[in-house]
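I opened this notebook to keep a record of what I looked up, entry by entry, and in what order. My aim is to go from the chain as a whole to its helices, and then to single residues.

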Amino acid sequence: MVELGLDCWEESINQMDARRFKILAEQLLEWCRQQSGNTFIISHDGTISNYRMLLGEQGLTKSDFLGEAGQYTIRNF
């Protein structure tokens, strides 16, 4: 688990403004880049879509959401 200083009971990643999400998501992705082996991020499909946009995907719509128990794989980002 990566500690980002959030109070999970008071501050939800799904409800924060886009600028704050971007800062925290970039910190998480940088941490992932520093790991060896596989890293798994488990999150709500809408949040995963926001990570995908942060990584440069464009034109994502609701139809791109992963749905129930979906997964999305990124290699060598």
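**Entry 1, the whole chain.** I take a contact to mean heavy atoms within 4.5 Å. With that settled, I looked up how far along the chain the contacts reach: of the contacts in the protein with a separation of 6 or more, 35% are accounted for by residues 24 or more positions apart. I note here that the model is a predicted one. I then asked how many helices and strands the protein has. I found two helices and zero strands. As for burial, I read that 19% of the 77 residues in the protein are buried.

**Entry 2, helix H2.** I turned to H2, which spans residues 45–54, and found this helix mostly covered, with seven of its 10 residues buried. I wrote down the buried ones as Asp45, Gly46, Thr47, Ile48, Ser49, Tyr51 and Arg52. What do the buried residues of H2 pack against? I found that they pack against helix H1, residues 18–33. I also looked at what comes after the helix, and noted that H2 is followed by glycine 56, whose phi is positive, near 110°.

**Entry 3, how H1 and H2 meet.** I looked up the two axes and found that those of H1 and H2 come within 11 Å and cross at roughly 80°. Angles of 65 to 115 degrees count as roughly perpendicular, and H1 and H2 are therefore roughly perpendicular to each other. On the H1 side I listed Phe21, Lys22, Ala25, Glu26, Leu28 and Leu29 as making the contact, and on the H2 side Thr47, Asn50, Tyr51 and Leu54. Sorted by class, the contact of H1 with H2 has six nonpolar, two polar and two charged residues.

**Entry 4, the largest pocket.** I next looked for open space, and read that the largest pocket holds about 840 Å³. Its lining is made up of 26 residues, and those that lie nearest the centre of the pocket are Thr39, Phe40, Ile41, Tyr72 and Ile74. Which helix gives the most to this lining? I found that H2 does, with four residues, while H1 and H2 each supply at least two. By class, I recorded 12 nonpolar, 10 polar and four charged residues in the lining of the largest pocket.

**Entry 5, serine 49 and aspartate 64.** I chose serine 49 from helix H2 and asked whether this residue is buried or exposed. Serine 49 has a relative accessible area of 4%, and since buried means under 20%, serine 49 counts as buried. Leaving aside neighbours within four places in sequence, I found serine 49 in contact with Leu60, Asp64 and Phe65.

I followed one of these contacts to aspartate 64, which lies in the segment after H2. Aspartate 64 counts as partly exposed because its relative accessibility is 27%. Not counting residues up to four places away in sequence, aspartate 64 touches Ser49, Arg52 and Gly59. I also looked up its distance to glycine 46: the two residues are 18 residues apart in sequence, and 9.2 Å apart in space from C-alpha to C-alpha.

**Entry 6, glutamine 71 and arginine 75.** I went further along the segment after H2, where I found glutamine 71 and arginine 75. Glutamine 71 counts as exposed, at 68% relative accessibility, and arginine 75 also counts as exposed, at 65%; I note that the cut-off for exposed is over 50%.

For glutamine 71 I looked up isoleucine 48, and found the pair 23 residues apart in sequence and 9.2 Å apart in space, C-alpha to C-alpha. For arginine 75 I looked up asparagine 38, which is 37 residues away along the chain, and found their C-alpha atoms separated by 9.4 Å.

Note on methods. Residues are numbered from 1 along each chain as its sequence is written. This is a predicted model: local features need pLDDT of at least 70, side-chain atom pairs count only at pLDDT 80 or more; totals for chains, interfaces and linings use all residues. Side-chain values use heavy atoms; hydrogens and water are left out. Buried means under 20% relative accessible area, exposed over 50%, partly exposed in between (1.4 Å probe, protein chains only). On a 1 Å grid over the protein atoms alone, a cavity is a set of points where a 1.4 Å probe fits but cannot get out, and a pocket is an open set with protein on both sides within 12 Å along at least five of seven lines; lining residues have an atom within 4 Å of a point. Grid points are joined across faces, edges and corners, and a volume is the space filled by probe spheres set on the points. Ala, Val, Leu, Ile, Met, Phe, Trp, Tyr, Cys and Pro count as nonpolar, Asp, Glu, Lys and Arg as charged, and the others, Gly among them, as polar. Axes are lines fitted to C-alpha atoms, for helices over the stretch in contact, and angles run from 0 to 180 degrees between N-to-C directions. Angles under 35 degrees count as roughly parallel, over 145 as roughly antiparallel, 65 to 115 as roughly perpendicular and the rest as oblique.
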